[in-house]
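Got the structure open in your viewer? Here is a tour, stop by stop, with what to select and what you'll find there.

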Amino acid sequence: MAGCNPQTEPAQAGKKIKIPIDPVTRIEGHLKAEVEVAGGRVVDAHVSGGMYRGFEQILIGRDPRDATQITQRICGVCPTAHATASALALDDAFGVELTDNGRIARNLILGANYLQSHILHFYHLAALDYVNGPDTAPFIPRYAKNDVRLPKELNDVAVGQYLEALEIRKICHEMVALLGGKMPHVQGIVVGGSTEIPTREALDAYAVRFQKVRQFIVEKYVPLVYLLAGPYGDLLKTGVGHKNLVSWGVFPLDNKGNTLLKPGVYTDGKDYAVDPAMIKEYVKYSWFEDSTTGLNPTQGKTLPNPNKPGAYSFIKAPRYNGKPHEGGPLARMWATNPELSKTGREKLGVTKLRDIGDACFSILGRHVARAEETALVATALEEWISQAQPGKETFVPTPIPQSAEGLGLTEAPRGALLHYINIKDQKIANYQVTSATIWNANPRDDMGQRGPIEEALIGVPVPDAANPVNVGRLIRSFDP
Amino acid sequence: MNHVFNSIKEVPVKDKQTLPEVQPEKTGISRRNFLKTLTGTAAGIGISQVFNPALIQALEKGLTRHPVIWIQGQGCTGCSVSLLNSVDPSIADILLKVISLQFHPTVGTCEGQLAMEHVYAVAKEYEGRFSFAIEGAIPVAENGKYCILGEMDHREITMVDMVQELAPMAGSVLAVGTCAAYGGIPAAKGNVTGATGVMDFFKTKSITTPVVNIPGCPPHPDWIVGSIVHLLESGIPELDYDGRPKLFFGNNIHDNCPRLDDYDEAFMSMSLSDPNGCRMDVGCKGPDTYADCYKRKWNSGLNWCVDNAVCIGCVERGFPDAMSPFYEPAY
């Protein structure tokens, strides 16, 4: 670790040292973290998004329907979530109401990718912070002292599950493709519903695969997450963050706004109903023009300025009611407060998610929330498989309005997702995306408040500056 | 399979052990399976070999594998995720038996300075012999600041920097996905970042390393794996006018579409959810698109865009602008 000379300046010496981690790997995208460590703990943190593509500018002037295809390419891990948000914004703008079968088909597509995304995240992105892979590329090099604490037998089990999970996540994508056409980047989600009317054969093929995936979730994924709490129990006590949460809700159960995972905002210990008008996006520390700061996404402008002095990220800083809020499985599960899985109830001796209490707001707590959510979505998928009606219409064709606005609120596996569209002369006049990682990985806002990951890094132990493993563990607990 | 590796100069790696000509069925992929992948006849959904404990043993021994450095510019990781969907060989076999993935931002264990030092060290150690996989476009505006890959010894390394520094050292370059091949969505109308595909970027920098374009948004896993295998078996595959392997991109989708008879009889789909008929009236860009999706199908051969909705021409240089609007007929 050139640059910080950690070996010659031990973190415990009381002196502050800066540790840059760039790139933060095993995430989707380009992220840098720079932490300041004193007394063996993080005392300050800056998190930077290092890439800008300009989707919002590229969308201007296009046929509004193309947005569901183009915006999927924001994220190859969760394209179905962008397709869903975009389709919801267009449904709103076009004034179309889905058929029941269209809604259910969308849930089956999005739900299968939820399972895929969470399994991929835990095993293939996050687990290598807790498990030693085989001593070969791509599992080496790794930190010389990586604080892996699993006994050999459990480590072997976890490596076996890593490999098995590669197969399981592929099966999840097969489920997506059966109704979505292909994956990554589905054809099947469009304004007005879903393009492929499910056949009995397709639903059966989906169900067979689903059973295999669910078995893996229940018997392997969820238990392994709880098993980590043994050797890594201290990680249930660190990485708290602002303790503010935002969820827009996801998986509509009807056309009246009821969802499987509930919408809800949790600020300073209190629950609130969601109101997207409370969002403002700040850019003082982001590489965007200062004139665009403090806007609601429906008024949003995206004007990059990569040379702006003082800025350190391509991510804007969205704030809900003026405060940073964390999105993701923890936020959704906190808002929903469902009964835990059988494994969860047995391991923790409590019934509901909120019974876990403060331990939720931690590195491992976020993994527990994600695993529990995976089990919950799997249970719901079984219900939707039985509700889907072979041969029944999934799509309602609707003409492009001359001018209209639409808002699409849903949840990507990694957090709250908003798409806003403004249509003029049947073309896109403005399009704004406030994505999950924008909620979590953002920099300071104009008021100087840290972003959620930045704040959650504060206090995280870094006893050995040459091997800052807990920084990566914390960041990846958010699945950025 | 010694000859496989011998065909591309000398292939290298630390361990002296090499892959046998044919591996025992229970432990892994045979040459036959490689060829199945190439010809698109792989049907193998079902029990994967990854559960086999012999595989874990094999990797601990460490076989000779082809070194690959994989980097991501302006992309979405969708190409990498698509690669994970490879059926035969499975991704576990690819990672553990075919290639030695020395760096990958999404699946590699290392991070930070350690990762950046490793990338440059591997490129030097295997100079002229490693494959350099580039996913995502290269933004050349503003000195490359629109895509920062990392930092080494306080030097910020942009996508422009890394491609410029490592590509000349590589034995071959794989431009994985439409963004890397032609610029793709980041280079679409309205972009301010100067997003550029690999070959166009190479021209401006006089980089002469051979490039295989593997477009697609994302590319089919077989196209990526098949191109790598071809490279190892017999060198750079035969490429078309746009730098793509003819093997996968040689035929027109519409001309080979299972629905071509419907077109000939003017039996057209009436709406996006109409299961029957030719899709041209609802926007299908199959006539402008060259790829073998019509026979290969996607996700273990279960479905493809035209049966589900429409082809949007994602493998073509003009994607997305030349294919928009996606849901209006091209004629």
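Start by selecting strand 7 of chain B, where both faces are covered: Ser172(B), Leu174(B) and Val176(B) on one side, Val173(B) and Ala175(B) on the other, are all buried. Buried here means under 20% relative accessible area, exposed means over 50%, and partly exposed is in between (1.4 Å probe, protein chains only). Helices (H or I, at least four residues) and strands (E, at least two) are DSSP runs, numbered from the N terminus. In a regular strand the side chains alternate between the two faces of the sheet. With 5 of its 5 residues (172-176) buried, strand 7 of chain B is largely enclosed by the rest of the structure.

A word on what you're looking at: this is a predicted model, where local features need pLDDT of at least 70, side-chain atom pairs count only at pLDDT 80 or more, and totals for chains, interfaces and linings use all residues. Residues are numbered from 1 along each chain as its sequence is written, chains are lettered from A and ligands numbered from 1 in the order in which they are written, and side-chain values use heavy atoms, with hydrogens and water left out.

**The neighbours of strand 7**

Add strand 3 (residues 131-135) of chain B, which runs parallel to strand 7 of chain B and is joined to it by 5 bridges. Two strands count as paired if DSSP finds at least two bridges between them. Look for Ala133(B), whose bridge partner in strand 7 of chain B is Leu174(B). Now bring in strand 9 (residues 211-214) of chain B, which pairs with strand 7 of chain B in the parallel sense over 4 bridges. Here Val176(B) has Ile214(B) as its bridge partner.

**Around chain B**

Next, pick helix 5 (residues 91-98) of chain B, which is mostly covered, with 8 of its 8 residues buried. Among them are Asp93(B) and Lys97(B). Now show the whole chain: chain B has 14 helices and 9 strands, and 66% of its 331 residues count as buried.

**Where the chains meet**

Colour the two chains apart and find where they touch: 85 residues of chain B are in contact with 83 residues of chain A, contact meaning heavy atoms within 4.5 Å. The area buried between chain B and chain A is about 7300 Å², with carbon and sulfur atoms giving 59%. Buried area is the accessible area (1.4 Å probe) that two parts lose on being put together, summed over both. On the chain B side, select Thr109(B), Glu111(B) and Tyr327(B), which lose the most area to chain A, together 10% of what that side buries.

What else does Glu111(B) form a salt bridge with? Select Arg476(A): the closest N and O atoms of this salt bridge are 2.9 Å apart. A salt bridge is a side-chain nitrogen of Lys or Arg within 4 Å of a carboxyl oxygen of Asp or Glu. The count between chain B and chain A is 4 salt bridges.

**Salt bridges in chain A**

Over all chains, the structure holds 47 salt bridges. Try Arg149(A) and Asp234(A), with closest N and O atoms 2.8 Å apart. Arg149(A) lies in the loop between helix 4 and helix 5 of chain A and Asp234(A) in the loop between helix 6 and strand 6 of chain A, so the pair ties together parts that are 85 residues apart in sequence. Arg149(A) counts as partly exposed at 28% relative accessibility.

Now jump to Glu281(A) and Lys316(A), whose side chains meet in a salt bridge at 3.9 Å, N to O. Glu281(A) is in strand 9 (residues 279-282) of chain A, while Lys316(A) is in the loop between strand 9 and strand 10 of chain A, 35 residues apart. Are these two buried or exposed? Glu281(A) counts as buried at 4% relative accessibility, and Lys316(A) counts as buried at 7%.

For a group, select Asp44(A), Arg444(A), Arg450(A), Glu454(A) and Glu455(A), which are linked in a network of salt bridges.

**Last stop: a sheet in chain A**

Finish with strands 11, 12 and 13 of chain A, an open, antiparallel sheet in the order 11-12-13. Strand 11 (403-412) and strand 13 (427-434) of chain A stand at the edges, each with a single partner strand, so one side of each is left without a neighbour in the sheet. Zoom in on Leu407(A), which stands opposite Tyr420(A) in strand 12 of chain A.
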